[in-house]
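The following report sets out selected structural features of one protein chain. It is intended to be read beside the sequence and the coordinates.

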Amino acid sequence: MNILVLGDVVSQCGCEKVRAAVPPFKRLKGIDLCLANGENSAKGNGITPESAAELFSSGVDFITTGNHAFRRAEMYDYFEESDCVIRPYNYPPSAPGRGIGIIDMGKVRVGVINLSGTMFMENLENPFYAADRALEEIESCKIRLVDFHAETTSEKLALAYYLDGKVSAFFGTHTHVQTSDERILPKKTGYITDLGMCGPHESVLGVKKEIVIKKFRTNLPVRFDTDEDAPCLIHGCIFTIDEKSGECLEVERVELE
């Protein structure tokens, strides 16, 4: 099974780039399932029901999120109602929505776990203990995927090695910079530290570069804004998974102009 996973989709321009580039790419590569991190897909930050719907209509089958999941209040009910949009599992149980999802594809069930890092991020439940509990909830799934929305490479690598052999693929999100370390870990888990982003290439993590430069130079508050007319790139990864064993057979990093 070929699974395409897309990095953080940034604003309306990122959604439009996904709509233009992903459907033909899926046909070209014989993609069976497509996931995307949509926590920044709404214009202005966060995710909305509208931006989620746009991703679904553009070839995305399942959406994960991260620390911006709850930026927009209109998503709270949507998280509760949707089976295809999840938030990090290690948020408190009182948070809207779920941290796992199960995709029934007939011949195989795919379990998806969304986790948030805790280094330089919010003070959430330890992701290692949360991962253990989440795996119990998707025990029936032969293929298991983890989106770890985290800041540091060390936390991503450590959790990936901890879960090696327990999940089919482990991919990092959040930093918006694609890493070139895609590989298969010793116990056959596919891995990449960060998928990158689907958004403006000439930017700082999707934000207009002039704004971020001003922030760093002055230390004064600024309003982050995305250049909606700038050329965008699609970043992601294809994981080829054996449906019988759940092991990763191949990892291919993706960059589409």
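Helices (H or I, at least four residues) and strands (E, at least two) are DSSP runs, numbered from the N terminus. With that convention, Lys188 lies in the loop between strand 9 and strand 10. The model described here is a predicted one.

**The sheet around strand 8**

An open sheet contains six strands in the order 5-6-7-8-10-9, and its pairing is mixed. Its edges are formed by strand 5 (100-104) and strand 9 (183-184), each of which pairs on one side only. Strands of a sheet pair through backbone hydrogen bonds, either parallel or antiparallel.

Strand 8 (residues 169-173) has two neighbours in this order, strand 7 and strand 10. Strand 7 (residues 143-149) runs parallel to strand 8 and is joined to it by five bridges. Within this pairing, Leu145 has Ala169 of strand 8 as its bridge partner, and His149 stands opposite Thr173. Between strand 7 and strand 8 the chain passes through helix 5 (residues 153-163), in a β-α-β crossover that is right-handed. Strand 10 (residues 190-192) also pairs with strand 8 in the parallel sense, over three bridges. There, Phe170 stands opposite Tyr191.

Is strand 8 enclosed or open to the surroundings? Five of its five residues are buried, so strand 8 is largely enclosed by the rest of the structure. In a regular strand the side chains alternate between the two faces of the sheet. Both faces of strand 8 are covered: Ala169, Phe171 and Thr173 are buried on one side, and Phe170 and Gly172 are buried on the other.

**The largest pocket**

The largest pocket has a volume of about 740 Å³. It is lined by 28 residues, of which Asn40, Asn45, His68, Val207 and Phe224 are the closest to its centre. By character, the lining divides into 10 nonpolar, 10 polar and eight charged residues. The element that gives the most to this lining is helix 6 (residues 209-218), with three residues.

**Backbone conformation at two loop residues**

Two residues other than glycine carry a positive phi. For Lys188 the angle is about 80°, and for Asn219 phi is near 60°. Asn219 lies in the loop between helix 6 and strand 12. Lys188 is partly exposed, because its relative accessible area is 39%, whereas Asn219 is exposed, with a relative accessible area of 63%.

**Cysteines**

How many disulfides does the count give? The count comes to zero disulfides. Cys15 is in no disulfide, and the nearest cysteine sulfur, that of Cys13, is 8.3 Å away. Cys232 is likewise in no disulfide; the nearest cysteine sulfur is again that of Cys13, at 3.8 Å. A disulfide requires a pair of cysteine sulfur atoms within 2.5 Å, so the separation of 3.8 Å for Cys232 does not qualify. Cys15 counts as buried, at 1% relative accessibility, and Cys232 is buried with a relative accessible area of 11%.

**Accessibility and separation of further residues**

Ala36 lies in strand 3 (residues 33-37). This residue is buried, because its relative accessible area is 1%, under the 20% limit. The C-alpha atoms of Ala36 and Thr152 are separated by 20 Å, and the two residues are 116 residues apart along the chain.

Ser245 is placed in the loop between strand 12 (232-241) and strand 13 (248-256). At a relative accessible area of 38%, Ser245 is partly exposed. Its C-alpha atom is separated by 34 Å from that of Ala95, at 150 residues apart along the chain.

The accessibility values of selected residues are collected below.

| Residue | Relative accessible area | Class |
|---|---|---|
| Ala36 | 1% | buried |
| Cys232 | 11% | buried |
| Ser245 | 38% | partly exposed |
| Lys188 | 39% | partly exposed |
| Asn219 | 63% | exposed |

Notes. Residues numbered from 1 in each chain as written. Predicted model: local features only at pLDDT ≥ 70, side-chain atom pairs only at ≥ 80, totals over all residues. Heavy atoms only, no water. Buried < 20%, exposed > 50% of the residue type's maximum accessible area, 1.4 Å probe, protein only. 1 Å grid on protein atoms, 1.4 Å probe; cavity = no way out; pocket = protein on both sides within 12 Å on 5 of 7 lines; lining within 4 Å. Points joined across faces, edges and corners; volume = space filled by probe spheres on them. Nonpolar A, V, L, I, M, F, W, Y, C, P; charged D, E, K, R; others polar. Pairing = 2+ DSSP bridges. Right-handed = clockwise from strand over helix to strand, strands pointing away.
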